[in-house]
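Colleague: Please walk me through the ligand site in this model. Keep it brisk.

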Amino acid sequence: MRTIDHWIGGKPTAGTAHRVGPVYDPATGRQQAEVALADASDVDLAVQAASEAFVSWSQTSLSKRTGILFAFRELVRAHTDELAELITSEHGKVLADARGEVQRGLEVVEFACGIPQLLKGEFSDQVSTGIDSFSFRQPLGVVAGITPFNFPVMVPMWMNPIAIACGNTFVLKPSERVPSASVLLAELWAEAGLPDGVFNVVNGDKVAVDALLDHPDVAAVSFVGSTPIARYVHERATQAGKRVQALGGAKNHAVVLPDADIDFAADHLTAAAFGSAGQRCMAISAAVAVGDAADRLVETLRAKAAAVQVGPGADSTSEMGPVITQQSKDRIIGYVTSAEGQGATLVADGRTIQADALQDGYFVGPTVIDHVTAEMDVYRNEVFGPVLVVLRAETLDDAIALINANPYGNGTSVFTGSGEAARRFQREVHVGMIGINVPIPVPMAYYSFGGWKDSLFGDTHVHGPEGVRFYTRAKVVTSRWPHSETGGGASYSFPTSN
Ligand code: NAD
C-alpha cells in the first residue's frame, strides 16, 4: 500500500509515530493509500525546521521572495491537471470543479506576488522639529495552517502564499482524508526555489493539531473546518498566547423574491447546492422562497435536480461526484429521513442511487426538501451534502430575520430584480459574504474571505488585505538624527511635539 509521508525541512519524511490512517477513493469506496499520522515529536521536528528557516527567510529581500512566488505561480499553473487529479481521486469532486479550485488558489499566489506593494509602510515627515515617524510590518515567525477535506488545494493556498510572502515560515496540517495535494504543493515550492524548511507539511489528526496548538514556537494558527473544531482551536491556541483565525461551518441561505427570474435562480441554486456534492462551505443549503415565488421555485428545482448527472469525479460527463466517506453519506441520509419524519416534503430524494456502477462509492443523489421549518434538524445542522431545503417566508423582512436568527453567517445571496430590495438585504443581513443574483459569492483573492458569528472565531478574515495583516505585526519608529549643535535639550515631561 502506498504511504503518504510528511514534508519536513525540504524533503519527504516518514516520521516517528508509526501511526497511519486510510485514504479512500470515495467514488469506489476502496482504500487507495495510507497516510502517516504525526505525533508531537514529528510536529516538533517540523516546527524546528521552520524556526531555523525563519532566521534567513525573514531577512530575504522582497525581490527574492517575489521571484520565488512568481516561479511557484508558473509551476502550480503547469501542474493544474495533476493537482486536480489528486483532488478528484481523494475528495471525489468532478475534475472541472477541482481545476476551478486550483485556479482560485492560484489567484491568492498572484495576490501575494504583489507583496512589495502590500507591505509598504507609512511615513510622516517632521512630526516634531527634526523628528520623523514611520511604520512598517514584520513577520510573526512560524505560523501553522490546519485545513479541511473539502478544498485540498485552495484552502491551504488561502494561507501559505501570503504567510510566506510576508516572511514567515509555515507548517501545514492538511486534512488526513486528502493529504496528497499538499505534498505535491511542497514539491512545487521547493522547485520554485523556496529554501528548505520554509514550507512544511505534517500529516495527521487531532494529535498533530493539538501539538501545533500547544507548541511554544508556533506564533499563529489559521484554521478552516467545522464550527465545533474551529471553536476548540481558537480557544486552545489563544490560551497558549497565539494569534488565531478559525473559520467554521455554514448554513448559507439564498432568498428568492417573487420578482426574480425563477428559472435563472433555480439554475444557479441547483449548481450551488449540488456542485461538489454540497461539500463547500459556501454551498447554498437553504432556499428561502418569499411569497408566491415558492411553488414556482420548487417545481423548477424538482426538474433541475432530476437532471443532475451523478457519477465518478474522473468521468467527464459527471456534474456531481460522491461525498467524502461512508459516515458522511450515512449522516446526510439520516438528516433527510429526519426531515421526512418531522413533516417536510421530499421533492427530490437522493437517498438511493440506483445505478450499479455507483453502488460501492459514497454517492448521495441531489435532494430537495420543501416545507422545511427552522425547528427541523435538517435546517438546524450543517448537513454538508447535496441537500437543498426550502423554507417559505411571507416577506423579505421575514427572510432577513430568519437568516439573522441562524447561528452561522458565512455566505448568503438574494435573487431579485429590485435594486432597493437587494440593497436592503446587503445592509441588513448578519453575514460576511453576500451575493446579489450570485449564488456563491466567494471574494476574489484581493478581498478577504470570512464569515460572521459561528462561521469565524477571531478578528481577521483570510487572504486579501486582512491576510497580510494577520501574518504581520506593526512597528512604528520615531526617529531623530540631531546635528551636534542641536543635540541635548532632554525633558523630564512626557514628549510632545514642537
Ligand atoms: P473538520 O473540522 O472535521 O476538520 C478540519 C481539520 O481539523 C482537519 O485538518 C482535521 O484533521 C482537524 N480535526 C478534526 N477533528 C479534530 C479534533 N477533534 N481536534 C483537533 N483537530 C481536529 O472539518 P472537515 O470535515 O475536514 O471539513 C468540512 C467542514 O469545514 C465543514 O463544516 C465546512 O463548512 C468547513 N469549511 C469551512 C470553510 C470556511 O471558509 N468557513 C471552508 C471550508 C470548509
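Modeller: What follows is a short exchange on the ligand and its surroundings in this predicted model.

Colleague: Which residues come nearest to the ligand?

Modeller: The shell around the ligand holds 28 residues. A residue counts if one of its heavy atoms lies within 4 Å. Those that come nearest are K173, E176, S226, G248 and E382.

Colleague: Which residue has an N or O atom in its side chain 2.6 Å from an oxygen atom of the ligand?

Modeller: T147 uses a polar backbone atom, 2.8 Å from a ligand oxygen. G248 also offers a backbone N or O atom, 2.7 Å from a ligand nitrogen. The side-chain contact at 2.6 Å to a ligand oxygen belongs to S226.

Colleague: How much of the ligand's accessible area does the protein cover?

Modeller: On its own, the ligand has 840 Å² of accessible area. The ligand takes up the space of the largest pocket. The protein's cover of that area comes to 89%.

Colleague: Which elements give two or more residues to the shell?

Modeller: Two helices and one strand do so. The strand is β11 (218-224). The helices are α8 (206-214) and α9 (227-239).

Colleague: How many residues of the shell are nonpolar?

Modeller: Five shell residues are charged. Another eight are polar. The nonpolar count is 15.

Colleague: Why does the ligand lie between two domains, and which are they?

Modeller: Both domains give residues to the shell, so the ligand lies between them. They are domain 1 (3-248 + 455-477) and domain 2 (252-436).

How values were computed
Residues numbered from 1 in each chain as written. Predicted model: local features only at pLDDT ≥ 70, side-chain atom pairs only at ≥ 80, totals over all residues. Heavy atoms only, no water. Polar contact = N/O pair within 3.5 Å; in protein donor to acceptor, adjacent residues only side chain to side chain. Areas by Shrake-Rupley, 256 points an atom, 1.4 Å probe, with all protein chains shown as cover. 1 Å grid on protein atoms, 1.4 Å probe; cavity = no way out; pocket = protein on both sides within 12 Å on 5 of 7 lines; lining within 4 Å. Sits in = over half its atoms within 2 Å of the grid points. Helix = DSSP H or I, 4+ residues; strand = E, 2+ residues; numbered from the N terminus. Nonpolar A, V, L, I, M, F, W, Y, C, P; charged D, E, K, R; others polar. Domains from an automatic or database assignment.
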